Amino acid sequence: MNKLQLVQSLAYIDGQWTTAQSGAMMDVINPTNGAIITSVPDMAAEDAEAAVLAADKALVTWRKTTAKQRAVLLRTWFNLIVENAAELAKLLTSEQGKPYKEAYGEVMYGASFVEWFAEEAKRTYGDNIPAPMPGNRYMTIKQPVGVVTAITPWNFPVAMITRKVAPALAAGCTVIVKPGEDTPLCALAMAKLAEQAGIPKGVINVVTTKQPAAVGEVLCTHPLVRKVSFTGSTAVGKHILKQAAGTVKKVSMELGGNAPFIVFDDADIDKAVQGALVSKYRNAGQTCVCTNRLYLHDAIYDEFMAKFTTAVSELRLGCGLENGTEIGPLINKKAIDKVSSIVQHALTQGAELHLGGHVASIGELYYQPTILTNVTEELDIAQQELFGPVATVFLFTDEADVIARANNTPYGLAAYFYSRDNSRIWRVGEALEYGIVGVNEGIISTEVAPFGGIKESGNGREGSKYGIEDYLEIKYLCLGIDV
Ligand code: SIN
């Protein structure tokens, strides 16, 4: 399959490549240069309704397939994604902007969820429960939840789809994907490969739209939809939770974060600098688990800052398809305006500009890798998810104090800390109120471990042996027998 076949200009409902019922189209823009890559259907409520009906129809037979049949199809899809990884990565860079190397990494990361859940499909065991009555036998079986809505973000347009769709399909559910408005092409390319893998019609449906509210309302309130899985902002997550409550749907929410990154005085500074660099600046800082707040111990502040500043100032901005590019553009004008205004406001509140701090000269969506120092919890920036290449630096001297400050946020997705003291590693690891903690590691994402947050960062876990559970219901069978 070549590149041209992977770029789709139609949406995918009930196994058909289709226009919106209204005929409306929307442009997909390359954030690197503002060029229109292609146009796709701008679907509305009636198209979302059609997708729900298609998924419900497909569920009747899909839920009855064996785990092995589903595993084989998922494995075939995985193989096709890997075979087309280079083309998918180019497409991803074109519509999202991240450097090709990161895009390729994301495609392989995305593929890993399909492989993992192809395997997990066969392991959705139930229980045999010892009954207290002689004439009873008790057991549990696990069954698919049903039709699933997967609302996925623009920052990981491949991996956030597979992290939801693969476990859903493995469990025997059918899915409607609503990809981010800025990045529908990867979703359609993934559907094309799924079609080629032989995944039956209606099992995966992709509704492209720039009317997220109207389409989302159908997908999150329709009585035939039994589960909503959402990755995106906490504000939108709260709205979806209210919508889903009307028909008591199962929900998985991967919401915002405000990750602290703590460097203790006993840390390996070089490692900590590298960890901070990748966890802060990958994807131009547009990741839910990106470091937001750097807490540096007073004793290592100067050494860390000298090395960190050098490393950040060497980061190369550019077009994601050019060799050597390390930071691409932000996704759109709204994103760059938001980052610019958060930085400006922090400066008026007393933060100091240590590096960067402006839109870069190479293009209107590029923001300079930025470091702000003299930041304290009193500044608004300390409580905001930045979603841009901006590091904010805080000072500390005391372990208990820094833990309290790190936890002082409604968010609880990811946290990081660097230390070489074993007791401290356990103490701090257990005290941080986060779903994911990186200890001497800046990259924590993998298909084999549970990804998810606590507090206002959401609920449910994706990936790992737990990820499929979110798409299964437990049924208890109570058997009366003659003994
Ligand atoms: C996210 O930003 O939501 C996903 C990040 C990851 O999986 O590493």
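In what order do the three strands of the open sheet stand, and is their pairing parallel or antiparallel? Good morning. The order is β5-β6-β20, and the pairing is antiparallel. I should say at once that this is a predicted model, in which local features need pLDDT of at least 70 and side-chain atom pairs count only at pLDDT 80 or more, while totals for chains, interfaces and linings use all residues. Residues are numbered from 1 along each chain as its sequence is written, and side-chain values use heavy atoms, with hydrogens and water left out.

Two terms come first. Strands (E, at least two residues) and helices (H or I, at least four) are DSSP runs, numbered from the N terminus. Two strands pair if DSSP finds at least two bridges between them.

In the open sheet, β5 (128–129) and β20 (472–480) are the edge strands, each pairing on one side only. Two bridges link β5 to β6 (residues 136–144) in the antiparallel sense, and there Asn128 stands opposite Met139.

Let us turn to β11. Strand β11 (residues 250–254) runs parallel to β10 (residues 225–231), and five bridges join them. Between these strands the chain passes through helix α9 (residues 234–245), in a right-handed β-α-β crossover. Right-handed means that, with the strands pointing away from the viewer, the path from the first strand over the helix to the second runs clockwise. β11 also pairs with β19 (residues 458–459), antiparallel, over two bridges. Met253 of β11 stands opposite Phe230 and also opposite Asn459 in β19.

Finally, the ligand. Among the residues around it (a heavy atom within 4 Å) are Tyr109, Arg163, Thr231 and Phe451. Three polar contacts deserve mention, a polar contact here being a pair of N or O atoms within 3.5 Å. Oxygen atoms of the ligand lie 2.4 Å from a side-chain N or O atom of Ser445, 2.8 Å from a backbone N or O atom of Cys288, and 3.3 Å from a side-chain N or O atom of Asn155. How much of the ligand does the protein bury? Taken alone, the ligand exposes 260 Å² (Shrake-Rupley method, 1.4 Å probe), and the protein buries 100% of that.

Definitions and conventions
A polar contact is a pair of N or O atoms within 3.5 Å; within protein, one must be able to donate a hydrogen and the other to accept it, and residues adjacent in sequence count only if both atoms are side-chain atoms.
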